Amino acid sequence: QARVRVAAETLAVAADLAPIETAGRLAAGIGPRQRRGLVQQGIAPGQPGSGVPGVSFFVGADAAARTDGLPGNDLRRRRFGGRAQWLLAGDGAIDLLASSASRAFGARGFYGTPRSLPSEEEVAQTLLLASYGRGGRAGRDFDRVSAALTRARDTYWYGGRAGGVPNRHRSTVLSLHGERARPYGETLTLHLRGDWTGEWLRSRALGDHARNSLSFAALPTWTWGAVSLRVGGAFEGFDDDRPGWLPALGAEVRANDRHTLFVNYSEALRQPSYTEYQYNNPTSLGNSGLERQQTRTAEAGWRGTWPGAEASLAGFAEHARSAVDWLLLERGDTTYRAVNLDEVWRFGLAYAGRADLGRRHALSFSGLFQEQSCDTPYYASRYLMDSVRRDLRTDWVWRAAPGWEARLWQRVQEMADNPLRRRGGRRWLIGAEARWQPSRVPGLTWTAGVANLLDG
């Protein structure tokens, strides 16, 4: 099991890799127009300092027919990868990870293209990652160093494979990441982080480009009893743009053993992608004059814990200047244009929680309510302003007997209004599954279920 974070603003890769365990998973699914399978296996490493690595691998594939109801819009995906981990004396670990993923799909009607065109696309991506880590983020003393190489290939046939020469894009991203946290005395913890990213693109449609970025962040945190205060920021430097200074502030108060209050403020920069700068076809037109996006985000919230229960509630506000979206500016337009939105405001509320209802029942829930607005007039958005406005989910668990468990979940999503949406803006998703853990075979779990009973 591994978690890899890819920061869209700088393309930096930071890895938090969990210990490899001796465990495996075999999964298969089939539906009216889809099928999928996954094999995953891990073998735990030897004792720390023994030099015997742990290894894990995964292989998966899935396919779906007419993913959005349009003829020819079928999907095929393949993915595989492996990982090796060496535990060092103490609490350090070295990891090597390699993965590859590809997907081929019909793109009729995608990106604003006419539904009459049999467009197709193939995307493949490879990731190589090496990392060293020591200590846990929950503590005040840890180190992380990683290097990652990502290569991607995107081939797009606007008029189908028989319709002419495709657009081909090949990108390479190399990133170096390092961070360290150290305590100084009883009250101060200093967290330092640095990233360098190089990006290279070769493309028939977009041209050949290269750029580099460098960032450094310092986040000191002072703790006095139940109160923590963080005041710091980051420097972002670019070889093709002016540098930026991004403040980061935060405070946390543990009112008692059960209740915690927190507030945070941060800023971020994002350079437009080369697709947003240069892309040009009959239905999508990039803009070489785009400015970079700057975002300011503030949040405040509460977390609570009780025996057998926990909950959280947070409100947030975000302001973005020069955010990039693809828009139809007027009714009747047929070309989406990459545009800097003057001002974008986003306000919302997020909640999550779980509770044990006696020995046999449990309930978990999560939700997001948000509103978004901008000063730029437009007819229809393809990405940023066409966002989820409501997302609610509830899970109910029934522990029927020792080793037996049943789960029923329901999710409702509501999108922003879009005059071009064919299926409406609300989706209802329901799923159920049953799990059995045989007492005579420790560690084995059988799961059977059904997902997306309603998808409308």
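This briefing covers the overall fold, two surface patches and one loop residue.

The model is predicted. The protein chain has one helix and 26 strands. Its radius of gyration is 24 Å, close to the 23 Å from the globule rule for 456 residues, so the chain is as compact as a globular protein of that length. Two surface patches are described below: a positive one built from arginines, and a nonpolar one of about 560 Å².

**Overall shape**

- The C-alpha trace of the protein chain spans about 60 × 55 × 45 Å along its principal axes.
- Of the 456 residues in the protein chain, 34% are buried.

**Positive patch**

- Arg151, Arg153, Arg168, Arg170 and Arg204 form this surface patch.
- Strand 9 runs over 142-157 and strand 10 over 167-184, and each supplies at least two residues of the positive patch.
- Arg168 sits in strand 10.
- The relative accessibility of Arg168 is 40%, so Arg168 counts as partly exposed.
- That value lies between the 20% limit for buried and the 50% limit for exposed.

**Nonpolar patch**

- Seven names make up this patch: Trp224, Val227, Leu229, Val231, Leu249, Val253 and Leu261.
- The nonpolar patch covers about 560 Å² of surface.
- At least two of its residues come from strand 13 (227-238), and at least two from strand 14 (241-254).
- Strand 13 gives the most, with three residues.
- Leu249 belongs to strand 14.
- With a relative accessible area of 38%, Leu249 is partly exposed.
- Leu249 can join a patch because its 38% passes the cut-off of over 30% relative accessible area that patch residues must meet.

**Loop residue Pro419**

- Pro419 is placed in the loop that links strand 24 (404-415) to strand 25 (426-436).
- The relative accessible area of Pro419 is 48%, so this residue is partly exposed.
- Pro419 and Tyr379 are 40 residues apart along the chain, yet their C-alpha atoms are separated by 7.9 Å.

**Points to check on the structure**

- Which strands each supply at least two residues of the positive patch? Strand 9 and strand 10 do.
- Which strand gives the most to the nonpolar patch? Strand 13 does, with three residues.
- Where does Pro419 lie? Its place is the loop between strand 24 and strand 25.

Definitions and conventions: Residues numbered from 1 in each chain as written. Predicted model: local features only at pLDDT ≥ 70, side-chain atom pairs only at ≥ 80, totals over all residues. Heavy atoms only, no water. Patch = residues over 30% accessible without salt bridge, like charges linked within 9 Å, V, L, I, M, F, W, Y side chains within 5 Å. Areas by Shrake-Rupley, 256 points an atom, 1.4 Å probe, with all protein chains shown as cover. Salt bridge = Lys/Arg side-chain N within 4 Å of Asp/Glu carboxyl O. Lys, Arg positive; Asp, Glu negative; His and termini not counted. Charge placed at Lys NZ, Arg CZ, Asp CG, Glu CD. Helix = DSSP H or I, 4+ residues; strand = E, 2+ residues; numbered from the N terminus. Buried < 20%, exposed > 50% of the residue type's maximum accessible area, 1.4 Å probe, protein only. Rg over C-alpha atoms; globule rule 2.2 N^0.38 Å.
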